[in-house]
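Please consider the sequence and the three-dimensional model shown here. The paragraphs below lead from the chain as a whole to a pair of helices and then to individual residues.

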Amino acid sequence: MKIFLDTANIEEIKKAVETGLIDGVTTNPSLLSQEASDPISHIKEIVRIVNGPVSVEVTATNKAEMITQAKYISEISPHIIVKIPITEEGIKATWELSKNNIKVNVTLIFSASQALVAMKAGAYYISPFIGRIDDISSDGLKLIEEIVQIKRNYGFTSEILAASIRNPLHFIQASKLGADIVTLPPKVFWQLFKHPLTDIGLKKFLDDWNSKFKNGIGR
Ligand code: G3P
């Protein structure tokens, strides 16, 4: 189970990387537009901090320009994974890029059929958006279940990257269903550590210690 951080915020990435739990980062045009004045140098900075896969999305919508942008982005670092939206042009570009050993993360996946064609086109990652499906009163996790089954049935090698995660329950359920990677917004990442009984338990331990002993251990 790999954990990615779904943000382009440098401070959030640095803070989370310190835990040793972060295997990579996913960005998208919206996230980069919130954080970067110069997107390319911003991406280079993220790659320096993470030292793992960093997904960066093309902004072109036709195959030829997607491929041109993908080549440009992938030259930034061997860690770059090029994000391509699941459209007819995107699938053609994915197939072409994958044949040329450029790793593609096919994004904006909302159905099992989209996932299947992306895997068949050679996607390195596929990104189903769980939260946005839930937002329209459908079941995002059901999609993960279907994709995991299709991947197993045919031995596709694409990794399933559960995205658009809204809460720790999404994270746990996606992990139980067999997603290979879950990408978390920083807020959800930090929520993984929290439990009110931990806070209460720790306070009691420290209060009991401090009521009896003057110093901490080793002082
Ligand atoms: O990075 C893609 C995806 O995770 C976006 O999530 O929260 O905008 O639906 P969200």
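The description that follows begins with the overall fold and then turns to local detail.

The model is predicted. Its protein chain contains 11 helices and 8 strands. The C-alpha trace of this chain spans about 70 × 40 × 30 Å along its principal axes. Of the 219 residues in the protein chain, 45% count as buried. The contacts within the chain can also be sorted by separation in sequence: among those between residues at least 6 apart, 56% join residues at least 24 apart.

One helix pair may be examined next. Two packed helices are described by the angle between their axes and the distance between the axes. For helix H4, residues 63-74, and helix H5, residues 88-99, the axes come within 8 Å and cross at roughly 45°. H4 is therefore oblique to H5, since an angle counts as oblique when it falls outside the ranges for roughly parallel (under 35 degrees), roughly antiparallel (over 145) and roughly perpendicular (65 to 115). The crossing in which H4 passes H5 is right-handed.

Which residues of H4 and H5 meet? From H4 come Lys63, Met66, Ile67 and Ala70, and they meet Glu89, Gly90, Lys92, Ala93, Glu96 and Leu97 of H5. Sorted by class, this contact of H4 with H5 has 5 nonpolar, 1 polar and 4 charged residues.

Attention now passes to a single loop residue. Ser158 is found in the loop between helix H8, residues 140-154, and strand E7, residues 159-162. Is Ser158 buried or exposed? Its relative accessible area is 1%, and the limit for a buried residue is under 20%, so Ser158 is buried. The side chain of Ser158 reaches the backbone oxygen of Ala123 at 2.8 Å. Ala123 also appears among the contacts of Ser158 when neighbours within four places in sequence are left aside; the others are Met119, Tyr124, Ile126, Lys151 and Asp180.

Lys142, which lies in helix H8, offers a second example of accessibility. The relative accessible area of Lys142 is 40%. Because this value lies between the limits of 20% and 50%, Lys142 is partly exposed. Lys142 and Phe189 are 47 residues apart along the chain, and their C-alpha atoms are separated by 22 Å.

Note on methods:
Residues numbered from 1 in each chain as written. Predicted model: local features only at pLDDT ≥ 70, side-chain atom pairs only at ≥ 80, totals over all residues. Heavy atoms only, no water. Helix = DSSP H or I, 4+ residues; strand = E, 2+ residues; numbered from the N terminus. Buried < 20%, exposed > 50% of the residue type's maximum accessible area, 1.4 Å probe, protein only. Polar contact = N/O pair within 3.5 Å; in protein donor to acceptor, adjacent residues only side chain to side chain. Contact = heavy atoms within 4.5 Å. Axes fitted to C-alpha atoms, helices over the stretch in contact; angles between N-to-C directions. Left-handed = near helix turned anticlockwise from the far one by under 90°. Nonpolar A, V, L, I, M, F, W, Y, C, P; charged D, E, K, R; others polar.
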